[in-house]
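Please open the model in your viewer and keep the selection panel at hand. We will go from one stop to the next, with something to select at each.

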Amino acid sequence: MSELTLTVMRLGFLAVLWLFVIVAVQVIRSDLFGTRVTQRGSRRGNASDTRAQQQQQNTGGGRQQAPPPQQQRQRRGAPTKLVVSEGSLTGTTVALQGQTITLGRAHDSTIVLDDDYASSRHARIYPDRDGNWIVEDLGSTNGTYLDRNRLTTPQPIPLGAPIRIGKTVIELRK
């Protein structure tokens with residue numbers, strides 16, 4: 001083998017070795033400090049969108065439509081918020097407005113769980129046609145528990161019943 005070939009191979013090996021070290025340091029850093037969670041703004045109902053819709057209705061532009069489902073009156077005694085009662089996010093509240101709520105470690109989840117026992121897409125909570133809220137496990141490794149029972153199928157959530165995902169406990173409240 002020529003001296004040039006041997007030098008190129010040594011430099012290539014050195015570059016691969018440094019790449020491995022950099023990746024290892026990044027993995028250790030993310031394990032020690034966790035993933036960065038960014039705050040998101042509300043995706044629904046901007047004030048400018050609402051004003052534009054009101055102007056269009058006041059000027060007679062367009063036909064009258066029924067209000068969207070989230071603006072219809074909720075039935076009496078129905079839950080209005082989702083509250084984290086245990087875990088690293090204790091005290092976090094999410095208003096129930098008729099949209100699906102996703103739970104997991106993924107940064108695009110509605111509630112981002114910084115929990116070693118949570119999957120990236122762990123569970124979801126959504127309303128059914130009767131106004132009940134349903135919890136569904138999304139094939140997580142460690143499972144989702146409703147009142148100490150592991151979920152195997154989507155189940156309706158009673159008011160105040162604990163939903164456990166790892167060390168995090170979530171409840172529906174008025």
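Start by selecting Gly131. This glycine takes a positive phi near 90° in the hairpin of β5 and β6, where 5 residues lie between the strands. Keep in mind as you look around that this is a predicted model.

Now widen the selection to both arms of the hairpin. Residues 123-127 form β5 and residues 133-137 form β6, and the two strands pair in the antiparallel sense over 5 bridges. Two of the facing positions are good to label: Ala123 stands opposite Asp137, and Tyr126 has Ile134 as its bridge partner.

Stay with β6 and show its side chains. Are they buried or exposed? In β6, 5 of 5 residues are buried, so the strand is mostly covered by the cut-off of under 20% relative accessible area. In a regular strand the side chains alternate between the two faces of the sheet. Here, Trp133, Val135 and Asp137 point one way, while Ile134 and Glu136 point the other way.

Next, add β9. This strand runs antiparallel to β6, with 2 bridges joining the two. Ile134 turns up again here, standing opposite Pro156 in β9.

Zoom out to the sheet. What is the order of its 5 strands? The order is β4-β3-β5-β6-β9, in an open sheet with mixed pairing. β4 (111-112) and β9 (155-156) stand at the edges; each has a single partner strand, so one side of each is left without a neighbour in the sheet.

Now select Ile157. Leaving aside neighbours within four places in sequence, Ile157 is in contact with Ile125, Trp133, Ile134, Val135, Leu146, Ile163 and Leu172.

From there, move to the largest nonpolar core, which has 21 residues. Ile157 is among the members that touch the most others, together with Leu82, Leu103 and Ile125. To colour this core by element, pick β1 (81-86), β3 (101-104), β5, β6, β10 (163-165) and β11 (168-173), the elements that give two or more residues to it. In soluble globular proteins, nonpolar side chains tend to be buried together.

Finish with the whole chain in a cartoon view. It holds 2 helices and 11 strands, and both helices come before the strands when you read from the N terminus. Of the 174 residues, 24% count as buried. Switch on the surface for a last look: the accessible area comes to about 12900 Å², and 52% of that belongs to carbon and sulfur atoms.

Definitions and conventions. Residues numbered from 1 in each chain as written. Predicted model: local features only at pLDDT ≥ 70, side-chain atom pairs only at ≥ 80, totals over all residues. Heavy atoms only, no water. Pairing = 2+ DSSP bridges. Helix = DSSP H or I, 4+ residues; strand = E, 2+ residues; numbered from the N terminus. Core = buried A, V, L, I, M, F, W, Y, C linked by side-chain atoms within 4.5 Å. Buried < 20%, exposed > 50% of the residue type's maximum accessible area, 1.4 Å probe, protein only. Contact = heavy atoms within 4.5 Å. Areas by Shrake-Rupley, 256 points an atom, 1.4 Å probe, with all protein chains shown as cover.
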